[in-house]
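Here is a short set of exercises to work through with the model open beside you. Try each task on your own, then compare your steps with the worked solution.

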Amino acid sequence: MTDLTLKGLETGRAQVRGGVRMVPLLRRRPVEGLRLHPRLTGGDIAVVGSQRRPRYIGYVPHAYVATWGGEAASAAYGTWLSEVERGAPSGAEAERAAREEAAGAPPRIKLFGLRRQVQRTDRTRLRFLPLHLAMEGYLSLHFGGPDIAWKEWSRTTLRRGLSPREEDSYLGVQVRGLAEALRTFEIVRGQCGVALYVGDELASVVVTPHPEDYRALHPTLVLDMFGEAIYRNATFVAESPHLHAPLRTRGVSDLAGLRAALEEQRASWRDFHDETMLAPLTDADYTLTPVYRMGEFRLDRFLPSFDPARTNHIGEAIVREDGEPGYLKTFVLSNAQTKRGHLLSKLAAAGWHLDATAASLATDRRGLITRMRSAGMEHLLRQDILDRFWAGNPNP
Amino acid sequence: MRDTPDGDTYTDLLDCEDVLRFANAAISGTGQREFRTGAAGQRLTLDFLHDYVRVNFRDLYAASLALDVNDHNAARIVHGLLSDPGEPGAAALDRRTEGALVSQRLAHMPPQRVYRLFRRLAAERVNNRRTRTVIARWISRRRDLAFDAVKYRAGLTAAARHAHLRLPGEVSAFCFSPPHRAGSFATPLLESYREAHYTVEAAYELPLSVGEGFAAKHGVPRKEFLSRARASATGGELLRLDRSLRGHGLEGADLRRVGLTRLCSYVLALPVADREERREELTAALRAAARRIAGGQAGTWGPTAAVLDDSYSSFGSPVKRNRPLAVALACHFVLEELSVRYTPHWVSGRRDALTVRPEGATPLAETIMDALEDGPERLVVVSDGHDDAPPVPAALLDAWRTRVDPDRRTAAVHLNPVMDADEMEPARLAGSVPTVGIRDASALPSLVELARFGEGRSGLAELREHLDRRVAAYIADVDEKRTVQEVR
């Protein structure tokens, strides 16, 4: 269990547009030795896994390419322009698409295969799909199902685990007001990230290693995944108020005093944001899973503690050895999603034993089954147990 | 009803605020898409404001033609005055003054806008005696009606038909007879137009926008056409074609005669590298244009500090690209001429005015502090009024006005080039600093004068007085001209 720090990042002033509040995160100097590029994949639908046995099929609007090592280091000084795809598709699938287009093929949904979620495309270049690591980490949580074949679980559960497991997410353009907020957002000099609030709930934190990367990736935020909580918030909330600390001008009689008051006001906003608004993200404990190591950087995905009393964020990060995040992207879980994760964690911790789990949740069997029902997991149980539950049996 | 110390009732103060709101919106709003609101929202707001002020304050509505209301809104005001005769007994200017204001304003408007207004009147069947007189008078004052007949044929035809005019000489035949019956013309321009259908040589004598079509018809290469047609092109057309001219290796537009704000838009459309390369030429042209605006007032202002907004929002919108930034840049050059000691403060912290670009955030409060620390006599803020955290600069300016500078050693004014459709006026910075709309920097000196009414301390009576003075000055020269016209 570790916690998440936004080391090396400073909070800027929030910009509010409708129900969306965007707080820029600034770096004094870029992370050296790492760059991120947007990469349009050239297709509409991605199949992860080999073509014969796809692991899953997803709508993937874009992917990121991380470059590290000497090539990226020179770019970090802003003197070198990368020859990385620059938004234009490249590689075998793009060639095929171009060939088809030249042959006058009718427009169609383009399909392309990715063998893995994270794939090295060159010696110091890594392609990955944003938030897919994090989402997959959440979906595959205790995916295998019970380790011990307790008689209460159905045969399908014992044989195939939790499959199929599904969660909803929404494209950024479907989140009301987000595209407009991104359009009118004024990118600050030195900005390397943004904390995005929808209805004043933290929706996502995005961090990039270099300001140029942020500038390039900013418009792609509308192609990112957002959870159902964000979608719902955006649909129902009113305009976010301008949160600001009052300017303390009592006793001020000259310009120096006024400037001091202004600086105090700005500092108090930064403190408020870092300590209160970002707290749901930074205060929680996370389980980190390293996915890929590239030089002095490590690509991790992290899962929260699934505490139902607070908002939980899943996400992925590229962290340097000294703990400075070069890349970070988070996804907020809705209450229902948190509860599902919480229930699964408790079940796994108790070895999938119903009574033990019920005891750890301070309830009885009926209470546990009720909870599983509301989390949409009742189908994991055997039918006769459910029948007894429906019949009102106190101990099904 | 309680009275203020000046004798104005609170109703008067509110009326004053309404009228100023309209004036500011009519100065900066053009019904086009802005950075934050779409065209529909802008138009809806303008519609409401025009109707409200025309019905309730018809005299002030007409008088606002004498203010620096932009051409779009001036045409709308004229349209409103002509199509709505007004309630009997409502406060209105006497018809002579109103008519003089209308004809004076139309005389200063670009002809294509006037013809568009006439066509709108015709389409809406506004055909009272007054409308016919306005159209007839405007057309009788055109310098070269044959030119108008060629360049604005549809407009002139519609206007003449609508106002029952008999166009003089061959222009009537040109406009109304079918070509085979009209035959050839004695007027050179009309004859060129007829000939241009058959020979390209004649096309070069026509106005550029008309000749262009004939050249394309005859298949003349663009470069050859541009090199010969520049003689007949207007300044505005040349400026618009400048990039095309330079691309073909021809000499670009002459920047010495161009108006300042348009010149600023031109400069901002150039890539930064080009601006660096042509720095001396551009700076000289900008300074000269600013000097023309300042005129006799050059060097009459005390120390002035300006806060100029070059944040990303000053990009405006694709339909009015870089307009807010162009206005800020133009104000920069005008203030440089007006003031004896002038210090610019761009919001981005840039020092060089010529290479500004719309980029970055808006830390207005900090920049205003920087500007105030120069200790100026006058503070001018040119911004769309959207700070990152809007309440902060408002609180800052209020505190400055009440605690640091209560006896008004420094006069402050906020010029806003963008109308906020939701606020129904250009967004304000703070209650203590008056906000005025701006569209063209040439109006800057008179706008700063108008700003004092926005402080909420001078009432309707004073505003009426101010407007009366402006109206009298505005129509003074029209009266002289009228005698000339009547002699002719």
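**Exercise 1. Describe chain A by its burial, its secondary structure and its contacts.**

Step 1. In this predicted model, 39% of the 396 residues of chain A count as buried.

Step 2. Counting elements, chain A has 13 helices and 19 strands.

Step 3. Now take the contacts in chain A with a separation of 6 or more: 65% of them join residues 24 or more positions apart.

**Exercise 2. Do the same for chain B, and work out why it can be called as compact as a globular protein of its length.**

Step 1. Chain B contains 24 helices and nine strands. Its radius of gyration is 25 Å, and the globule rule gives 23 Å for 488 residues; the two values are close, so chain B is as compact as a globular protein of that length.

Step 2. For the outer dimensions, the C-alpha atoms of chain B fill a box of roughly 80 × 65 × 40 Å along the principal axes.

Step 3. Of the 488 residues in chain B, 46% are buried. Residues 24 or more positions apart make up 70% of the contacts in chain B with a separation of 6 or more.

**Exercise 3. Find which element gives the most to the side of chain B that touches chain A, then describe how that element packs.**

Step 1. Start with the residue counts: 23 residues of chain B are in contact with 20 residues of chain A. On the chain B side, the elements that give two or more residues are α21 (364–372) and α22 (391–404). With eight residues, α22(B) gives the most.

Step 2. Sort that side by class, and you get 15 nonpolar, four polar and four charged residues.

Step 3. Look across to chain A, where helix α8 (residues 255–277) packs with α22(B) at an angle of about 155 degrees, the axes being 11 Å apart. An angle over 145 degrees counts as roughly antiparallel, and that makes α8(A) roughly antiparallel to α22(B). Their crossing is right-handed.

Step 4. Name the residues that meet. From α8(A) come Leu255(A), Leu258(A), Leu262(A) and Gln265(A), and from α22(B) come Val392(B), Leu396(B), Ala399(B), Trp400(B) and Val404(B). By class this contact has eight nonpolar residues, one polar and no charged.

**Exercise 4. Helix α17 of chain B packs with α19(B) and with α20(B). Work out the orientation and the handedness of each pair.**

Step 1. Begin with α17 (residues 260–269) and α19 (residues 279–294) of chain B, which pack at about 160 degrees with their axes 9 Å apart. The two helices are therefore roughly antiparallel, and α17(B) passes α19(B) in a left-handed crossing.

Step 2. List the residues of this contact. α17(B) supplies Leu260(B), Leu263(B) and Val267(B), while α19(B) supplies Leu282(B), Ala285(B), Leu286(B), Ala289(B), Ala290(B) and Ile293(B). The class count is nine nonpolar, no polar and no charged.

Step 3. Move on to α20 (residues 323–338) of chain B: the angle with α17(B) is about 120 degrees, and the axes lie 8 Å apart. This pair is therefore oblique, with a right-handed crossing.

Step 4. On α17(B) the residues in this second contact are Leu260(B), Thr261(B), Cys264(B), Ser265(B) and Leu268(B), and those on α20(B) include Arg323(B), Leu325(B), Phe333(B) and Val334(B). Here the classes are ten nonpolar, two polar and one charged.

**Exercise 5. Place Phe306(A) and Arg408(B) in their loops and decide for each: buried or exposed?**

Step 1. Phe306(A) has a positive phi of about 55 degrees, although it is not a glycine. Arg408(B) also has a positive phi, near 55 degrees. As background, most residues other than glycine have a negative phi.

Step 2. The loop that holds Phe306(A) lies between β17 (297–304) and β18 (313–320) of chain A. Arg408(B) sits in the loop between α22 and β6 (411–416) of chain B.

Step 3. Count neighbours. Phe306(A) has 23 other C-beta atoms within 10 Å and is buried, whereas Arg408(B) has 9 and is exposed.

**Exercise 6. Describe the surroundings of helix α9 (residues 153–162) of chain B.**

Step 1. The buried residues in α9(B) are Gly155(B), Leu156(B), Ala158(B), Ala159(B) and Ala160(B).

Step 2. These buried residues pack against α6 (111–123), α7 (129–140), α8 (145–151) and α10 (169–176) of chain B.

Step 3. Just after α9(B), His164(B) takes a positive phi of about 55 degrees.

Technical notes: Residues numbered from 1 in each chain as written. Chains lettered and ligands numbered in written order. Predicted model: local features only at pLDDT ≥ 70, side-chain atom pairs only at ≥ 80, totals over all residues. Contact = placed C-beta atoms within 7 Å. Helix = DSSP H or I, 4+ residues; strand = E, 2+ residues; numbered from the N terminus. Nonpolar A, V, L, I, M, F, W, Y, C, P; charged D, E, K, R; others polar. Rg over C-alpha atoms; globule rule 2.2 N^0.38 Å. Buried ≥ 20, exposed ≤ 12 C-beta atoms within 10 Å, placed from the backbone. Axes fitted to C-alpha atoms, helices over the stretch in contact; angles between N-to-C directions. Parallel < 35°, antiparallel > 145°, perpendicular 65-115°, else oblique. Left-handed = near helix turned anticlockwise from the far one by under 90°.
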